[in-house]
Every structure is written in C-alpha cells, then in structure tokens.
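Here's a quick briefing for anyone meeting this structure for the first time. Have a look around, then read on for a few places to visit.

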Amino acid sequence: MTDKYGIVTGASRGIGRAIAERMATEKVNLALCCEKNIDSLNDLAKELRRRYQITVYTYQTDVGDPASVKRMADDIREHFSQVDYLVNNAGISYVGLLTDMSADEWNRLISVNLSGIFYMMKAFLPSMIHRKSGSILNVSSMWGTAGASCEAAYSASKGGVNLLTKAMAKELAPSGITVNAIAPGCVDTDMNSIFSEEEKKDLCEEIPIGRFAEPAEIAEAAWSLMNLSYVTGQILGADGGFL
C-alpha cells in the first residue's frame, strides 16, 4: 500500500481533531498543529500512533504568523516525502457587535481564519504542483454563506475562505489538485461552548435535523469530499438543513 501523508491545522480539539482521527483510520501519516493546546495534541498523537501504527508529528504553530508556518513547513518537509492531504481547519471566532471590535481583534481573526490558509498553501503547494497530485480541504462555516449577526468578522473571514477555495480550485485543477471546503453549521465543539443550554436549545429548534452535529459527522463528510477526484471548487454545506 502506498504511504499517504496529511496535514491538519487546529487539530487539538473539535472538528480538526475528528478529521485527524478519521484520516488515521485510513492509515494516513499525519503532521498536526495547534497554537495553544499542545499537551492535548501530543496525547492525541500518542494515541493515534498506538492504535493505527502511523507516523504522527505535532507542532505548536500559529497559522496566522507566516514565520511560524514556515518553521513548521520546513520541518515537515524533512520528514514527509510528499503531502497528499492539506486540511486547513484552524480558526477563531469573535461574538459581539462590530462596533465593539478593535482593529487588533479584527486583524487577528482575519490572519488566522483567512491569511493562515494562504500561508499554508504557499508553503505546501509547490510540492503538490510538482507531483500533480493532492487534495486541499478548507473548513469554512455556514455563516460564510449566510452571514450572522454579531459574528460579522467571522462571517467575512469564512466568506473569504469560500471564494479562495473556488478560485484556487480553478487555478490548481490543471495540476491535478482538488480544492474544496466544508461549511458546518452548529457543531458540538468548544467554540460553541459560549452559548448557554437555553441558547443551544433555541438553536436546535431552528435546525431541521433538530440537533447539533457531532465532530465525527463533519469529519466523515470531510474525508469523503477530500477523496472525490472529479469534485473541486465546491462548498459542502453540513448544517443539518439550516440553510
């Protein structure tokens, strides 16, 4: 069996962790990064190595900082002969009125959620293009399609992710590389822990399926999308029928 190699950003928890776990079941060797929860990420890596006998490297990386991404990319290239899958999952949120948001908060959110994908692509696309092979998955949000009150910056960043996905799909298709995004709705992750139980209940009433998604459900859809050779430039809604 040919060895496969993948990178997942923001992999210490939530959707990124679930995607890493799903990839591990397919014997994909992994390079995982996070910004803050490195102990949790190291524990995950240890478990994946034990259960699936794969190679897993971990990095404490700020994807919003090009120098931090470069350091990680240089090390990954020392260990991995190729990159078959690039999953850009790392993201942060801001809930509040736009008028209450500082310029620093705006710039930080955009740097992680949108510029981070540019930095990651910049680092790893040359080898993918050389091999004329690879799959890129960007994790977006339903709010990148519809927009959300009190999440204007987050919505704007994810809308940018969607259009970057579509543009790069066209740019990279001649090189045999697919670029798609998955746009989850309400998922049972730490990012949504800001909502009270009452607020979560109200949200569930607006979701036709009637509940939040589990991260593993998003990961399953993501893995399928990453392996469709004739599908590119698509934004897959995974929102329980919300939109």
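Helices here are DSSP runs of H or I with at least four residues, numbered from the N terminus. With that in hand, helix H2 offers an easy starting point: Glu47 and Arg50 sit three residues apart in it, so about one helical turn separates them. Keep in mind that this is a predicted model.

**Salt bridges**

- How many salt bridges does a search of the whole structure find? The count comes to eleven.
- Back in helix H2, the side chains of Glu47 and Arg50 form one of these, at 2.8 Å from N to O.
- Glu47 is partly exposed, because its relative accessibility is 30%.
- Arg50, on the other hand, is exposed, since its relative accessible area is 57%.

**A network around Arg22**

- Salt bridges also tie Arg22, Glu26 and Glu220 together into a network.
- In one link of that network, the side chains of Glu26 and Arg22 meet at 2.7 Å, N to O.
- In another, Glu220 pairs up with Arg22 through their side chains, at 2.8 Å from N to O.
- That pair joins distant parts of the chain: Glu220 belongs to helix H8 (residues 215-226) and Arg22 to helix H1, with their positions 198 residues apart.
- Is Arg22 buried or exposed? Its relative accessibility is 18%, and buried means under 20%, so Arg22 counts as buried.
- Its two partners come out as partly exposed: Glu26 has a relative accessible area of 35%, and Glu220 has one of 38%.

**A negative patch on the surface**

- Which residues form a negative surface patch? They are Glu198, Glu199, Asp202, Glu205 and Glu206.
- Take Glu205 as an example: you'll find this residue in helix H7, which covers residues 197-206.
- Glu205 is exposed, because its relative accessible area is 62%.

**Two loop residues with positive phi**

- Lys27 has a phi near 65°, which is a positive value in a residue other than glycine.
- Where is Lys27? Look in the loop between helix H1 (14-25) and strand E2 (28-34).
- With a relative accessibility of 34%, Lys27 counts as partly exposed.
- Gln53 also has a positive phi without being a glycine, and here the value is near 55°.
- The place to look for Gln53 is the loop that runs between helix H2 (38-52) and strand E3 (56-60).
- Gln53 is exposed, as its relative accessible area of 58% shows.

**Buried spots in helices**

- Thr165 is part of helix H6, which spans residues 152-172.
- This residue counts as buried, because its relative accessibility is 0%.
- What does Thr165 touch, once residues up to four places away in sequence are set aside? Its contacts are Asn138, Val179, Asn180, Ala181, Gly233, Gln234 and Ile235.
- Gly16 belongs to helix H1.
- Gly16 is buried too, because its relative accessible area is 0%.
- Apart from neighbours within four places in sequence, Gly16 is in contact with Val8, Gly10, Ala11 and Asn89.
- Between the C-alpha atoms of Gly16 and Leu32 there are 9.1 Å, and the two residues are 16 residues apart along the chain.

**A stop in helix H4**

- Ile129 is located in helix H4, made up of residues 103-131.
- Is Ile129 buried or partly exposed? At 35% relative accessibility, this residue counts as partly exposed.
- Leaving out residues up to four places away in sequence, Ile129 touches Leu172, Ser175 and Ile177.
- Along the chain, Ile129 and Pro174 are 45 residues apart, while their C-alpha atoms are separated by 9.2 Å.

How values were computed
Residues numbered from 1 in each chain as written. Predicted model: local features only at pLDDT ≥ 70, side-chain atom pairs only at ≥ 80, totals over all residues. Heavy atoms only, no water. Patch = residues over 30% accessible without salt bridge, like charges linked within 9 Å, V, L, I, M, F, W, Y side chains within 5 Å. Areas by Shrake-Rupley, 256 points an atom, 1.4 Å probe, with all protein chains shown as cover. Salt bridge = Lys/Arg side-chain N within 4 Å of Asp/Glu carboxyl O. Lys, Arg positive; Asp, Glu negative; His and termini not counted. Charge placed at Lys NZ, Arg CZ, Asp CG, Glu CD. Buried < 20%, exposed > 50% of the residue type's maximum accessible area, 1.4 Å probe, protein only. Contact = heavy atoms within 4.5 Å.
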